[in-house]
Amino acid sequence: MTSVKAEEGPVAVTGASGYVGAHTVAVLLRRGYQVRACVTDISNPDKTEHLISLNDQGLRGSVELYSANLLEQGSYDDVFNGTTAVLHVGTPMGYGNVNNPQEVYDGAIQGTNNVLESIKKAGTVKRLIYTSSFAAIGHPAESGYRFTEKDWASDNRQNDPNWNLENLNDKGEIGYAMAKVELEHLVNRVAEDDGRFDSISVCPIVVLGPLLSKAHELVGSWQWYLGRLLGGKICKRGYQHLWNIVDVRDVAESQALMLESEVCKNGFRYQLSATDSSGELSVPEIKAHLESLFPEFSIGGPPEEINALIEKHGQVFQSPLAHCDKARSELGLQTHPVIDTLRDTAESLLKLGLVEPKFR
């Protein structure tokens, strides 16, 4: 399949109001694309104003909002008609207990099948960019193991009693990972069988960077937990291991580069992870960075349980280790320094009034 260019016609983005989706729309507009932004609740200003305002920023492209529901068959038929590409970012998430693990799995499967059916009906789409997740890559491995795009979350699961679809509501994020693995294989297979479009997958890990809307602070998300630290509170997520940080702007930029790449072929996948070891940070290291950036604030930290872990092992579990080497070498992606990512995330949380800092 050939690459996609802005002058060839409009492109569609599902989940456009979300954290990654909104940044993806912004990148596309900077490159001159006419974007059809798919939003479930078009009447909610927290989900739309940050998108509409992009039309007033003097960017080369423009965005038009479309009401579409991922879980409704045929919802994207009109939206995708005449588009040259689809960037499928949207998926049901479990943040704030909005969806239980079974609903996350079922919604991801059903929604992506609906997207694929609408793509086939349109007949004009040349490339699908599917937002998967590092959850489709990470698998049980020793501390210090370095993951690449050759890894799948289904690897090394022979003795894992949880790697199945039974009782997903009791298994946390397993259902999400299983859905992403299944769907990466599905989009590649459907594209291959159809022959009119190819499918490329992007697999982000700990996504941080500036929030564009209050709606992007989802309870339980990585950006929400960074806000907990910034507000002087305890961070209980991911303190047992490293945060492997990628900037949301880099995730968005990579998708535009995938659209336009002459290198990409059906079935290619790119993990969007740390640039190098500077982006593989423990919670105490993140705390130290925030203290340096905001010396007037009393920054929170990990729970006391981390002390016993470090006393026993000397450090937190050294995983997940992964670098976005493939995206940088094949796509020419230029990444943000992690210190800029942390600063810009924090400043956006403060600007949006989502964090009340605790002063020293």
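Axes here are lines fitted to C-alpha atoms, for helices over the stretch in contact, and angles run from 0 to 180 degrees between N-to-C directions. Helices (H or I, at least four residues) and strands (E, at least two) are DSSP runs, numbered from the N terminus. What you have open is a predicted model, where local features need pLDDT of at least 70, side-chain atom pairs count only at pLDDT 80 or more, and totals for chains, interfaces and linings use all residues. Residues are numbered from 1 along each chain as its sequence is written, and side-chain values use heavy atoms, with hydrogens and water left out.

**Stop one: helices 4 and 5**

Select residues 101–122 for helix 4 and 174–194 for helix 5; their axes come within 9 Å and cross at roughly 15 degrees. Helix 4 and helix 5 are therefore roughly parallel to each other (angles under 35 degrees count as roughly parallel, over 145 as roughly antiparallel, 65 to 115 as roughly perpendicular and the rest as oblique). Their crossing is right-handed, a term used if the near helix is turned clockwise from the far one by less than a right angle, with anticlockwise being left-handed.

Now show side chains. On helix 4, pick out Val104, Tyr105, Ala108, Ile109, Thr112, Asn113, Leu116 and Lys120, which meet residues of helix 5 including Gly175, Tyr176, Leu183 and Asp194. Contact means heavy atoms within 4.5 Å. Sorted by class, this contact has 12 nonpolar, three polar and three charged residues. (Ala, Val, Leu, Ile, Met, Phe, Trp, Tyr, Cys and Pro count as nonpolar, Asp, Glu, Lys and Arg as charged, and the others, Gly among them, as polar.)

**Stop two: a cavity**

Keep Asp194 selected and add Ile119, Gly123, Thr124, Val125, Arg196 and Phe197: together they line the largest cavity. On a 1 Å grid over the protein atoms alone, a cavity is a set of points where a 1.4 Å probe fits but cannot get out, a pocket is an open set with protein on both sides within 12 Å along at least five of seven lines, and lining residues have an atom within 4 Å of a point. The space in this cavity is about 30 Å³, and its lining has three nonpolar, two polar and two charged residues. Grid points are joined across faces, edges and corners, and a volume is the space filled by probe spheres set on the points.

**Stop three: helices 1 and 7**

Go to residues 19–30 (helix 1) and 248–260 (helix 7), which pack at about 55 degrees with their axes 8 Å apart. That makes helix 1 oblique to helix 7. Among the residues making the contact are Tyr19, His23 and Val27 of helix 1, and Arg249, Ala252 and Leu259 of helix 7. The contact divides into nine nonpolar, three polar and two charged residues.

**Stop four: helices 6 and 11**

Next, select 222–230 (helix 6) and 338–351 (helix 11), whose axes come within 10 Å and cross at roughly 80 degrees. That makes helix 6 roughly perpendicular to helix 11. Gln223, Leu226, Gly227 and Leu230 of helix 6 touch Leu342, Thr345, Ala346, Leu349 and Leu350 of helix 11. Any charges here? The count is six nonpolar, three polar and no charged residues.

**Stop five: a pocket**

Add Pro210, Leu211, Leu212, Asp344, Glu347, Ser348, Lys351 and Leu352 to see the lining of the second largest pocket. It holds about 150 Å³ of space.

**Last stop: two loops**

Zoom in on Pro320, in the loop between helix 9 (305–313) and strand 12 (321–322). The peptide bond leading to Pro320 from Ser319 is cis, with omega near 0 degrees. Finish at Asn156, in the loop between strand 6 (146–147) and helix 5. Its phi is near 60 degrees, a positive value in a residue other than glycine.
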